[in-house]
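Biologist: Please show me the model, so that we may discuss how its helices pack.

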Amino acid sequence: AAVRRMVQTLLASIAERHPQAFIYPLTVAASESQAPSRRTAAAVVLGGLRERHAALVDQAAMVSAELIRVAIQPLDLCRDALEEAGRCYWRRRDPAAMLRALEP
């Protein structure tokens, strides 16, 4: 726990001097990390940065959310098309419909 606090303090002091270098990674860690302790630690450092650089933190959050959205959307579309193609082929026994489902 002591090492974690020291690392967190070090990150906070570096981030204070160079916020642009830490904003995006901290934003992603605070919102997307699977580890609760990492998510909490990132949120604490990000909260400290928000006090002095609110506009930068808000803009980074917006950019991060948009990047995640556009990265996930093509994967979802691809998965949906594959599921539909599978239904066409296996349930309806219609290979032509399967191929149409896979067209862009």
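The exchange below takes up helix packing, burial and selected residues.

Biologist: What kind of model is this, and how are residues numbered?

Modeller: Side-chain values use heavy atoms, with hydrogens and water left out, and residues are numbered from 1 along each chain as its sequence is written. The model is predicted: local features need pLDDT of at least 70 and side-chain atom pairs count only at pLDDT 80 or more, whereas totals for chains, interfaces and linings use all residues.

Biologist: How is H2 oriented relative to H3: parallel, antiparallel, perpendicular or oblique?

Modeller: Helices are DSSP runs of H or I with at least four residues, numbered from the N terminus. Axes are lines fitted to C-alpha atoms over the stretch in contact, and angles run from 0 to 180 degrees between N-to-C directions. Helix H2 (residues 19–32) and helix H3 (residues 36–52) pack at about 140 degrees, with axes 8 Å apart. Because angles under 35 degrees count as roughly parallel, over 145 as roughly antiparallel, 65 to 115 as roughly perpendicular and the rest as oblique, H2 is oblique to H3.

Biologist: Which hand does the crossing of H2 and H3 have, left or right?

Modeller: A crossing is left-handed if the near helix is turned anticlockwise from the far one by less than a right angle, and right-handed if clockwise. By that criterion, the crossing of H2 and H3 is left-handed.

Biologist: How many nonpolar residues does the contact of H2 with H3 have?

Modeller: Contact means heavy atoms within 4.5 Å. On the H2 side are Pro19, Ile23, Leu26, Thr27, Ala29 and Ala30, which meet Arg39, Ala42, Ala43, Val45, Leu46 and Leu49 in H3. Ala, Val, Leu, Ile, Met, Phe, Trp, Tyr, Cys and Pro count as nonpolar, Asp, Glu, Lys and Arg as charged, and the others, Gly among them, as polar. The contact of H2 with H3 therefore has 1 charged, 1 polar and 10 nonpolar residues.

Biologist: How far apart are the end C-alpha atoms of H2?

Modeller: The expected span of a helix is 1.5 Å times one less than its number of residues. For the 14 residues of H2 this gives 20 Å, which agrees with the separation of its end C-alpha atoms, 19 Å.

Biologist: What covers the buried residues of H2?

Modeller: Buried means under 20% relative accessible area, exposed over 50%, and partly exposed in between, with a 1.4 Å probe and protein chains only. In H2, the buried residues are Pro19, Phe22, Ile23, Leu26, Thr27, Ala29 and Ala30. Their cover includes helix H1 (2–17), H3 and helix H4 (54–91).

Biologist: Which residues does Thr27 touch beyond four places away in sequence?

Modeller: Thr27 lies in helix H2. Its relative accessibility is 7%, so Thr27 counts as buried. Leaving out residues up to four places away in sequence, Thr27 touches Leu46, Ala60, Ala61 and Ser64.

Biologist: Is Ser33 buried or exposed?

Modeller: Ser33 sits in the loop between H2 and H3. Not counting residues up to four places away in sequence, Ser33 touches Val28, Arg38 and Arg39. With a relative accessible area of 12%, Ser33 is buried.

Biologist: How many charged residues does the contact of H1 with H3 have?

Modeller: The axes of H1 and H3 come within 10 Å and cross at roughly 35 degrees, and the crossing is right-handed. Arg4, Gln8, Ala12, Ala15 and Glu16 in H1 meet Ser37, Ala41, Val44, Val45, Leu49 and Arg52 in H3. By class, the contact of H1 with H3 has 6 nonpolar and 2 polar residues, and the number of charged residues is 3.

Biologist: How are H4 and H5 oriented, parallel or antiparallel?

Modeller: H4 and H5 pack with their axes 7 Å apart, at an angle of about 175 degrees. That angle makes H4 and H5 roughly antiparallel.

Biologist: Which residues of H5 meet H4?

Modeller: The contact of H4 with H5 has 10 nonpolar, no polar and 1 charged residues. From H4 come Ala81, Leu82, Glu84, Ala85, Cys88 and Tyr89, and they meet, in H5, Pro95, Ala97, Met98, Ala101 and Leu102.

Biologist: What is the phi of Arg93?

Modeller: Arg93 lies in the loop between H4 and helix H5 (95–102) and, at 59% relative accessibility, counts as exposed. Most residues other than glycine have a negative phi. Arg93 is not a glycine, yet its phi is positive, at about 55 degrees.

Note on methods. Helices (H or I, at least four residues) and strands (E, at least two) are DSSP runs, numbered from the N terminus.
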